[in-house]
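Here's a quick walk through this protein, written for someone who'd rather look at the model than wade through tables. Have the viewer open and follow along.

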Amino acid sequence: MLLFLKSFGRWGKLKLTELWNSNSGDWHWLAEKPMPIAGMNRKLWRGAVPSLTFYTLLALSGVISTFGLLANSAATIIGAMIIAPLMGPIIAIAYSIVSGNQRLLKRSGFTLFKGVLLTVVISIVIAKLVGIRTFGSEIMGRTSPTLLDLGVALAAGGAGGFALTRRSIANALPGVAISVALVPPLSVLGIGIGMGSNSVAAGSGLLFLANLAGIIFSGSLVFLAHNYGSFEKARHGLVISVFSLIILGLPLGLSLETFLVKEHTRRNVEYLLFSKTDTFSRSDIRRIKVEQDGEKLIVEMEIAAPFNSFTQQQIQLVQQILEDDLKKPLTLNVKVIPTQQYTAN
């Protein structure tokens, strides 16, 4: 048996060596060099200079995004992300920082400002015309950014910068646009202003600024790594970028901490409801939401059940159990969704 295993091992090693050698060779002709500086300049100037195509695509993207947000349609919002051309001037800003190109910086910055203004105004007008007074999950999901969103922006900026340096992977740019989602936060900002909600407008504005700062910073680092500029030229811009990231990181970090606390509390509440209460252990709980009001927790539940399935006394008892186990003052709001069904033949 031992002899067989040794023979099989030698045979396997020989086959692996043959396979490796059959796929090895001199592949230097496939190596792709970064795009020449002249070509990079032309490409970025093309994306930074405002044109009819830029404004048309951005306006349509803003319209699609706003309607998708109001309709709470994730697929529609993704479509708006794909056609949005905002990545062009933002990446151009990153390149102009490391190359010391002041003309490109001013042009791309002005183009970005006008694009942002156009998108927000379109969203304000649509929100006022449609007149919807409620915010769906797609809107609310863009009002509480955290450090996780900043991490996405940093990675997307690096991917966008790298994709521009290689001709063969230019088709990766739509994926970058989807991942960082620049237009939807601006649309939410406009919707918040149009509906008079300062909290929605402020949260979505913070998300856009985090995306913007993250893309510019990581894109600049990628361009530096590919020798499109020098650290001496980029030093001033990088200092401003790092300072911006630190300033934005403070509220984003607090938001992440609050999110983690709420999620941890929600899991604890869910465990207690199913394991320590007879009232809800077999119930069809559709949603559990936990909010924090100072030291007090506010737990909101949606349960699918027939009429008169629970009494006020039962709800009070469950509230007391949760309060004792979590050792925090707690308010329990239970919304029962009737599930009576009638069939007529």
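## A buried threonine in a loop

Let's start with Thr146. Setting aside residues within four places in sequence, Thr146 is in contact with Leu252, Ser255 and Leu256. You'll find Thr146 in the loop that links α7 (137–140) to α8 (147–165). Loop or not, Thr146 counts as buried because its relative accessibility is 7%, and the cut-off for buried is under 20%.

## The overall picture

Keep in mind that this is a predicted model. The secondary structure adds up to 13 helices and three strands. Of the 345 residues in the protein, 41% are buried.

How much of the contact comes from residues 24 or more positions apart? Taking the contacts in the protein with a separation of 6 or more, such residues account for 76%.

## Helix α5, mostly covered

Helix α5 covers residues 87–99, which is 13 residues. From its first C-alpha to its last, α5 reaches 18 Å, close to the 18 Å expected at 1.5 Å a residue. α5 is mostly covered, with twelve of its 13 residues buried. The buried set includes Met87 and Pro89 at the start of the list, and Val98 and Ser99 at its end. Tyr95 and Ser96 are buried as well. Right after α5 comes Gly100, with a positive phi near 70°.

For a single residue to click on, try Ile90, which sits in helix α5. Is Ile90 buried or exposed? Ile90 counts as buried, because its relative accessibility is 0%. Leaving out residues up to four places away in sequence, Ile90 touches Leu112, Leu182, Leu212, Ile215 and Ile216. There's also a long hop along the chain here: Ile90 and Gly219 are 129 residues apart, yet their C-alpha atoms are separated by 9.1 Å.

## Helix α10 and its two partners

Now over to α10 (residues 183–194), starting with its contact with α11 (residues 198–225). The two axes come within 8 Å and cross at roughly 160°. Angles over 145 degrees count as roughly antiparallel, so that is how α10 and α11 run relative to each other. Their crossing is left-handed. On the α10 side, the residues involved are Pro185, Leu186, Val188, Leu189, Gly192 and Ile193, and they meet Val200, Ala201, Ser204, Leu207, Phe208 and Asn211 of α11. Sorted by class, this contact has nine nonpolar residues, three polar ones and no charged ones.

The other partner is α3. Here the axes are 9 Å apart and the packing angle is about 65°, so α3 and α10 are roughly perpendicular to each other. α3 passes α10 in a right-handed crossing. From α3, the contact uses Leu58, Ser61, Gly62, Ser65, Thr66, Leu69 and Leu70, while α10 brings Val183, Pro184, Ser187, Val188 and Ile191. By class, the contact of α3 with α10 has seven nonpolar, five polar and no charged residues. Val188 turns up in the contact with α11 and again in the contact with α3.

## Two asparagines with positive phi

Next, a pair of backbone oddities. Asn72 isn't a glycine, but its phi is positive, about 60°. Asn72 belongs to the loop between α3 (52–71) and α4 (74–83). With a relative accessible area of 35%, Asn72 is partly exposed.

Asn227 also has a positive phi of about 60° without being a glycine. Where does Asn227 lie? Asn227 is in the loop between α11 and α12 (231–275). Asn227 counts as exposed, because its relative accessibility is 61% and exposed means over 50%.

## Leu322 in helix α13

Last stop: Leu322, in helix α13 (residues 312–326). Leu322 has a relative accessible area of 0% and is therefore buried. What does Leu322 contact, once neighbours within four places in sequence are left aside? The list is Val269, Leu272, Leu273, Lys327, Leu330 and Leu332. Leu322 and Glu270 are 52 residues apart in sequence, and their C-alpha atoms are 10.0 Å apart in space.

Technical notes
Residues numbered from 1 in each chain as written. Predicted model: local features only at pLDDT ≥ 70, side-chain atom pairs only at ≥ 80, totals over all residues. Heavy atoms only, no water. Axes fitted to C-alpha atoms, helices over the stretch in contact; angles between N-to-C directions. Helix = DSSP H or I, 4+ residues; strand = E, 2+ residues; numbered from the N terminus. Parallel < 35°, antiparallel > 145°, perpendicular 65-115°, else oblique. Left-handed = near helix turned anticlockwise from the far one by under 90°. Contact = heavy atoms within 4.5 Å. Nonpolar A, V, L, I, M, F, W, Y, C, P; charged D, E, K, R; others polar. Buried < 20%, exposed > 50% of the residue type's maximum accessible area, 1.4 Å probe, protein only. Expected span 1.5 Å × (residues − 1).
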